[in-house]
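Trainee: Hi! Could you walk me through this one before I set anything up?
Mentor: Happy to, let's look at it together.

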Amino acid sequence: MPGTQDIPELSIVFPCRNEELSLPACLQEAQTACQEQHVRAEIIVADNNSTDRSAALAQAAGARVVPVAQKGYGAALHEGILAARGQWVCFCDADGSYPPGYFPQMLREIKTSGADLLLANRLHGNILPKAMPFLNRYVGTPVLSAMIRLLFRLPTNDCNSGMRILRRDKYEELHLQTRDMSYASEMLCRAAQKKWKYREWILPLFRPDTRRGRPPHLQRWQDGWRHVKTIFRCYFHPV
């Protein structure tokens, strides 16, 4: 039976679909930060049917690869979180835009605050040029966040942030069903309905995608509409 020292305190999940250009640097940044700040951590790459070398590179870097057959950002995160062994689970995109080196700091923040869910707020931090499209920054995310604040009384300002940390032992009580990009909104809506203690932490730096010109997975208008439908579904069909 493994000793306490073998059980990670923190599980780091990277959803991944063909991220070989950016994933290795993300893994290295997360590993270095945890080692330097003495955080017992495991790294999970939730591989969403990648056809490039993402899975092989993740294994070579010491990450645990969890294959996820169902397509979708939410599907990858859901399966990655379920596979986590840590008391706390954090996640962010594997495109290099979110600095994984901040995870130990977020762990300290959520433990100190007593929150169940801590979200890294990009909009109130330093967003580097070309890191976030104008419409996403000034229209889409603020409008969706306002909807969640109004309907669920959750004080969120950046509902689309893909960098968060939560309590693993409470995750499954949310009963999340969405498996596409609107998983991010569903998590907040259900957390509000379950009376989770929610906090936001200002992300010091949000960077441009490091995949060197590869198109993003996000489809602005289609995914935006999915977020709207998910928010209203959660409102009219509470858990």
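What follows is a chat about the fold, the cysteines, a few single residues and the aromatic rings.

Trainee: What kind of model is this, and how are residues numbered?
Mentor: The model is predicted, so local features need pLDDT of at least 70 and side-chain atom pairs count only at pLDDT 80 or more, while totals for chains, interfaces and linings use all residues. Residues are numbered from 1 along each chain as its sequence is written, and side-chain values use heavy atoms, with hydrogens and water left out.

Trainee: Cool. How many helices and strands are there in the protein chain?
Mentor: The protein chain has seven helices and nine strands. These are DSSP runs numbered from the N terminus: helices are H or I with at least four residues, strands are E with at least two.

Trainee: And what about the radius of gyration of the protein chain?
Mentor: The protein chain has 17 Å, which agrees with the value near 18 Å for a compact globule with 239 residues. That radius is taken over C-alpha atoms, and the globule rule is 2.2 Å times the number of residues to the power 0.38. The C-alpha atoms fill a box of roughly 45 × 40 × 35 Å along the principal axes.

Trainee: How much of the protein chain is made up of buried residues?
Mentor: Buried residues make up 51% of the 239 residues. Buried means under 20% relative accessible area, exposed over 50%, and partly exposed in between, with a 1.4 Å probe and protein chains only.

Trainee: Switching topic: how many disulfides does a search of the whole structure find?
Mentor: The search finds zero disulfides, where a disulfide is a pair of cysteine sulfur atoms within 2.5 Å.

Trainee: Why is there no bond for Cys92?
Mentor: Because the closest cysteine sulfur, in Cys26, is 6.1 Å from the sulfur of Cys92, too far for a bond. Cys234 is in no disulfide either, with the nearest cysteine sulfur, that of Cys189, 4.5 Å away.

Trainee: Is Cys234 buried or exposed?
Mentor: Cys234 counts as buried, at 0% relative accessibility. Cys92 also counts as buried, at 0%.

Trainee: Okay, Ser182. Where does Ser182 lie?
Mentor: Ser182 is in the loop between β7 (164–167) and α6 (183–193), and at 0% relative accessibility Ser182 counts as buried. Leaving aside residues up to four places away in sequence, Ser182 touches Arg226, His227 and Thr230; contact means heavy atoms within 4.5 Å.

Trainee: Nice. Now the rings: what is the count of aromatic pairs?
Mentor: The count comes to six aromatic pairs. Rings of Phe, Tyr and Trp (its six-membered ring) pair if their centres lie within 6.5 Å; planes under 30 degrees apart count as stacked, over 60 as edge-to-face and the rest as tilted. One of the pairs is Tyr102 with Trp201, edge-to-face at 5.8 Å centre to centre and 65° between the planes.

Trainee: Which parts of the chain does that pair link?
Mentor: The pair links distant parts: Tyr102 in the loop between β4 (88–91) and α4 (103–113), and Trp201 in strand β8 (residues 198–202), 99 residues apart. Trp201 is buried, with a relative accessible area of 8%.

Trainee: Why is the pair of Phe232 and Phe236 stacked?
Mentor: Because the ring centres of Phe232 and Phe236 are 6.4 Å apart and their planes are at 20°. Being four residues apart in helix α7 (residues 220–236), Phe232 and Phe236 are separated by about one helical turn. Phe232 counts as partly exposed at 37% relative accessibility, while Phe236 counts as exposed at 57%.

Trainee: Which residues form one aromatic cluster?
Mentor: Phe152, Phe232, Tyr235 and Phe236 do.
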